[in-house]
Amino acid sequence: MNSVTLQNIKKTYDKGNVLAVDDVSFEVKEGELFGLIGPDGAGKTSIFRILTTLLLADSGSASVAGFDVVKDYRAIRNSVGYMPGKFSLYQDLTIRENLQFFATVFGTTVEANYDLIKDIYEQIKPFNNRRAGKLSGGMKQKLALCCALIHKPNVLLLDEPTTGVDVVSRREFWEMLKKLKMQGITILVSTPYMDEASLCERIALIQNGKIMSVDTPDKIIGSYPVDLYAVKSENIYKLLVDLRAYGEVASCYAFGEFLHVTMKEGSGAEQIEKYASGKGHQHVVANKIEPGIEDSFIRLMSVRDATKS
Amino acid sequence: MEEKVIICKELTKSFGDFYAVNKISFDVNKGEIFGFLGANGAGKTTAMRMLCGLSFPTSGEATVAGFNVYKQQDSIKKNIGYMSQKFSLYENLTVLENISFFGGVYGVRKKEIKERSEELIQTLGLQNETKKLVGELPLGWKQKLAFSVAIFHKPKIVFLDEPTGGVDPLTRRQFWDMIYKAADEGITVFVTTHYMDEAEYCNRISIMVDGRVEALDSPGKLKERFSADSMDEVFYKLARGAKRGE
């Protein structure tokens, strides 16, 4: 069964001049941890606002937890937990007050579903009397997650919960999501960080309002159509410039300490090494590697750009 | 001897008994891409504000582009460029207006502004957008334009505060191509980022934890020292012990 479905959802702003969501369809299965991966301006937040019944789509249909986003908006609000991209709790209420407030609004108590928030809440409980506005980024994030869970929702909608958060807090957050998933909660989470894609069961890659691909991270990586090489030498910038000028190279971009390079048909690592050494590069290394989600994303983007122009 | 563009000795900033920046010391060489990393709340922004001449240190010494951070703040401001994800350009001025405004503020001569802005528009491929308001440009273009404006007056150093946050992976690469090019032309780049793969593009990296510089070296050497496969791992090993948040 599907917990979230979107069918041909379209959303424009500014009297139709800005196309934010372009014919988007995908499903999130019950109990699934699903990632919506894309940069700023891709349309992620518009999708979340449509699913949380805060925004009407121009056309198309969507449902959450079996309820239609237009007809059954009241029922949806009781069955989803939503963490918006911008911190939206009451800054001048304390941790405890925020929790109690949200519990009351949803007609429940903090104690009623304490099991669900226990692990997360106990990390911030020592600061119970501190106002939310005075909390660190990581603590705000934990409090917001607790408030989103307080009424025991079936579906959690998390809009960029880890943006601007450092590596340590990001890892902790994903650990929490895994535990929530094990308790049977369906989670739709968006992120601009490609490295977080592998932590989801299935992902949708989104760019300029369009879904480019929906699948498991492994399958998306597996469908990368050509061989990818990681290349480096002593002078990485010169190598980048040289390789881009090389006729046999199809694409070349920086990736961590290496350059990621694809070749035109019939060429491989040997050609790269030979060419680079010929250009005077020292300690040239070129190895065939497994692509990552970010490589797939870049490739899908480039293919789209090419077909557009 | 390599030319030092930033020299920092036991630079400290305290607010009451809270040491936001606690005796940090490092040098940055001319033309170097220097990554300035740290967990949220580690003190990066406070340190950067002192180096940009926006706030006075409590103690310690530092010179930026040869100027003293206590006495020559104005000269520092003239000789650096600055861009951040949050503040970059005026959204309700056009592309050309932004370039001439910032060029003028930094004392570039009118004739030169005209010539160089034409050149810049060509390089960025913005020929059809010169009269558009900057607010109407996609985020990626805004950031590339903001960087070009930040180095328009040919500063000795450019400070970049999370310049690529939220930008798509392709634009992020194009942005780094521009950084590499600027460094190749002798501009020193001082950059903060949350993307650990970008840390690998830097010549050297410092990692701040709780107000102190806990590690400083090339990405390769840092990985060796912490027996880590990636900078992500290095950062995690260093920062997970951090006591304070944002």
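The following questions and answers walk through a predicted model, chain by chain and residue by residue.

Biologist: How many helices and strands does chain A have?

Modeller: The C-alpha trace of chain A spans about 70 × 45 × 35 Å along its principal axes. Within that span, the chain has both kinds of element. The count is ten helices and 14 strands.

Biologist: What percentage of the residues in chain A is buried?

Modeller: Chain A exposes about 14300 Å², and carbon and sulfur atoms supply 48% of that area. A residue counts as buried under 20% relative accessible area. Of the 309 residues in chain A, the buried ones make up 52%.

Biologist: What share of the contacts in chain A with a separation of 6 or more comes from residues 24 or more positions apart?

Modeller: Contact here means heavy atoms within 4.5 Å. Pairs with a separation of 6 or more form the base of the count. Residues 24 or more positions apart account for 68%.

Biologist: How far apart are the mean positions of the positive and negative charges of chain A?

Modeller: Chain A carries 37 positive and 38 negative charges. Each set has its own mean position. The two means are separated by 5 Å.

Biologist: How many disulfides does the structure hold over all chains?

Modeller: A disulfide is a covalent bond between the sulfur atoms of two cysteines. In this model, a pair must have its sulfur atoms within 2.5 Å. Over all chains, the number of disulfides is zero.

Biologist: Which cysteine has the sulfur nearest to that of A:Cys252?

Modeller: A:Cys252 is buried, with a relative accessible area of 7%. A:Cys252 is in no disulfide. The nearest cysteine sulfur is 18 Å away and belongs to B:Cys202.

Biologist: Is A:Cys200 buried or exposed?

Modeller: The cut-off for buried is under 20% relative accessible area. A:Cys200 has 6% relative accessibility, so A:Cys200 counts as buried.

Biologist: How many of the twelve residues of α5(B) are buried?

Modeller: Helix α5 of chain B covers residues 139-150, and its end C-alpha atoms are 16 Å apart, which agrees with the span expected at 1.5 Å a residue. The buried residues include B:Leu145, B:Phe147 and B:Val149, but also B:Lys142 and B:Lys144. They pack against β6, α3, α4, β7 and α6 of chain B. The helix is largely enclosed by the rest of the structure because the buried residues number ten.

Biologist: What is the relative accessible area of A:Leu158?

Modeller: A:Leu158 lies in strand β7 of chain A, residues 155-158. Beyond its neighbours within four places in sequence, A:Leu158 is in contact with residues including A:Phe48, A:Met83, A:Leu145, A:Phe173 and A:Ile187. A:Leu158 is buried, and its relative accessible area is 0%.

Biologist: Which residues does A:Ser46 contact, leaving aside neighbours within four places in sequence?

Modeller: A:Ser46 sits in helix α1 of chain A, residues 44-51. Its relative accessible area is 10%, so A:Ser46 is buried. With those neighbours set aside, its contacts are A:Tyr13, A:Ala20, A:Val21 and A:Leu55.

Biologist: How far is the C-alpha atom of A:Ser63 from that of A:Thr53?

Modeller: A:Ser63 is in strand β4 of chain A, residues 59-64. A:Ser63 is buried at 19%, where the cut-off is under 20%. Outside the four-place window, A:Ser63 is in contact with A:Ser3, A:Val4, A:Thr5, A:Asp68 and A:Val69. A:Thr53 is ten residues away along the chain, and the C-alpha separation is 9.8 Å.

Biologist: Where is A:Leu135 found?

Modeller: A:Leu135 counts as buried at 3% relative accessibility. Setting aside neighbours within four places, A:Leu135 is in contact with A:Ile95, A:Arg130, A:Lys140 and A:Leu143. A:Leu135 is found in chain A, in the loop between α4 and α5.

Biologist: What is the phi of B:Glu10?

Modeller: Most residues other than glycine have a negative phi. B:Glu10 has a positive value. This residue is found in strand β1 of chain B, and B:Glu10 counts as partly exposed at 45% relative accessibility. The phi of B:Glu10 is near 50°.

Biologist: What is the phi of B:Ser227?

Modeller: B:Ser227 lies in the loop between α8 and α9 of chain B. B:Ser227 is exposed, with a relative accessible area of 63%. Its phi is positive, in a residue other than glycine, and is near 35°.

How values were computed: Residues numbered from 1 in each chain as written. Chains lettered and ligands numbered in written order. Predicted model: local features only at pLDDT ≥ 70, side-chain atom pairs only at ≥ 80, totals over all residues. Heavy atoms only, no water. Buried < 20%, exposed > 50% of the residue type's maximum accessible area, 1.4 Å probe, protein only. Helix = DSSP H or I, 4+ residues; strand = E, 2+ residues; numbered from the N terminus. Areas by Shrake-Rupley, 256 points an atom, 1.4 Å probe, with all protein chains shown as cover. Lys, Arg positive; Asp, Glu negative; His and termini not counted. Charge placed at Lys NZ, Arg CZ, Asp CG, Glu CD. Expected span 1.5 Å × (residues − 1).
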